[in-house]
Amino acid sequence: MNDLACIRLFDEREAAADERLRPIADWISGHVARPHPDLGRRGAVCPFVPLSQRLGLIRFALATPPVADEAGLKAATSALKAHWLAMEPRGGPHAIDKTIVLVLPGLPEDVVVRVHNRLKPEFVGDGMMLGEFFPDHPGPGLHNPAFRPLHSDTPLLVARSMVANDLPFLTERRYPAERRAGFVAAFLEHQSSASAATRRRAREELELARGEMGRCPFLQ
């Protein structure tokens with residue numbers, strides 16, 4: 001079985017007609033793509049989703065066969081990345097607006113956490129983001145620590161493009177210095193059009209992480 005065959009993709013219309021995916025599609029439209037009073041800022045919970053929906057660039061995915069363990073999730077996540085890279089548009093201004101949501105019904109959250117932690121560097125290295133969602137996810141909101149934006153009733157892994165606003169998510173102090181340094185180096189490589197202030201902040205974060213590692217500061 002090749003990488004692409006490990007998961008099957010559904011567009012929003014197909015997801016709405018599938019009983020396994022309909023609750024996730026409804027949650028994205030009714031929650032993720034809308035404002036929330038506890039978010040701490042204006043706009044949708046995920047500011048990228050409304051445009052992705054308007055452009056028809058959200059896909060939902062199910063593993064075939066269903067994921068039952070860590071090895072299966074690694075294979076499905078590799079397929080998720082391969083599908084995202086192959087999905088159109090592969091260039092132009094809207095290439096950053098495509099999103100694939102891998103739906104993992106019944107999978108234990110510790111499996112999701114371990115695989116996400118292991119494979120996220122591969123995604124970031126290719127200019128992508130890999131998000132993890134599961135019931136009662138403890139991750140706090142960026143603008144309101146009491147908000148829990150990563151809670152989902154069903155475990156999910158989500159692939160999307162890295163954007164300039166992702167720098168705070170790549171420099172969280174929960175990551176060890178070596179991982180933060182790798183993430184920020186990838187950010188600087190892939191976000192060359194980010195604002196001067198954002199790139200300056202990224203260089204400062206990279207210098208800080210490398211300093212924690214006992215290495216020479218970033219001089220670029």
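This is a short tour of two helix pairs and one cavity in a predicted model.

Residues are numbered from 1 along each chain as its sequence is written. Local features need pLDDT of at least 70, and side-chain atom pairs count only at pLDDT 80 or more, while totals for chains, interfaces and linings use all residues; side-chain values use heavy atoms, leaving out hydrogens and water.

Select residues 70–86, helix α4, and residues 109–125, helix α5 (helices are DSSP runs of H or I, at least four residues, numbered from the N terminus). α4 and α5 pack at about 35 degrees with axes 10 Å apart; axes are lines fitted to C-alpha atoms over the stretch in contact, and angles run from 0 to 180 degrees between N-to-C directions. Now show side chains: L73, T77 and L80 are among the α4 residues that meet α5, where V112, V115 and L119 are among the partners (contact means heavy atoms within 4.5 Å).

Keep α5 and add residues 177–190, helix α7. α5 and α7 pack at an angle of about 25 degrees, with axes 9 Å apart. They are therefore roughly parallel, a label for angles under 35 degrees. N117, K120, P121, V124 and G125 in α5 meet R179, F183, A186 and H190 in α7.

Next, select F48, S52, I96, D97, T99, R160, S161 and V163, which line the largest cavity. On a 1 Å grid over the protein atoms alone, a cavity is a set of points where a 1.4 Å probe fits but cannot get out, and lining residues have an atom within 4 Å of a point. The volume of this cavity is about 30 Å³, the space filled by probe spheres set on the points, which are joined across faces, edges and corners.

Note on methods:
Helices (H or I, at least four residues) and strands (E, at least two) are DSSP runs, numbered from the N terminus. Angles under 35 degrees count as roughly parallel, over 145 as roughly antiparallel, 65 to 115 as roughly perpendicular and the rest as oblique. On a 1 Å grid over the protein atoms alone, a cavity is a set of points where a 1.4 Å probe fits but cannot get out, and a pocket is an open set with protein on both sides within 12 Å along at least five of seven lines; lining residues have an atom within 4 Å of a point.
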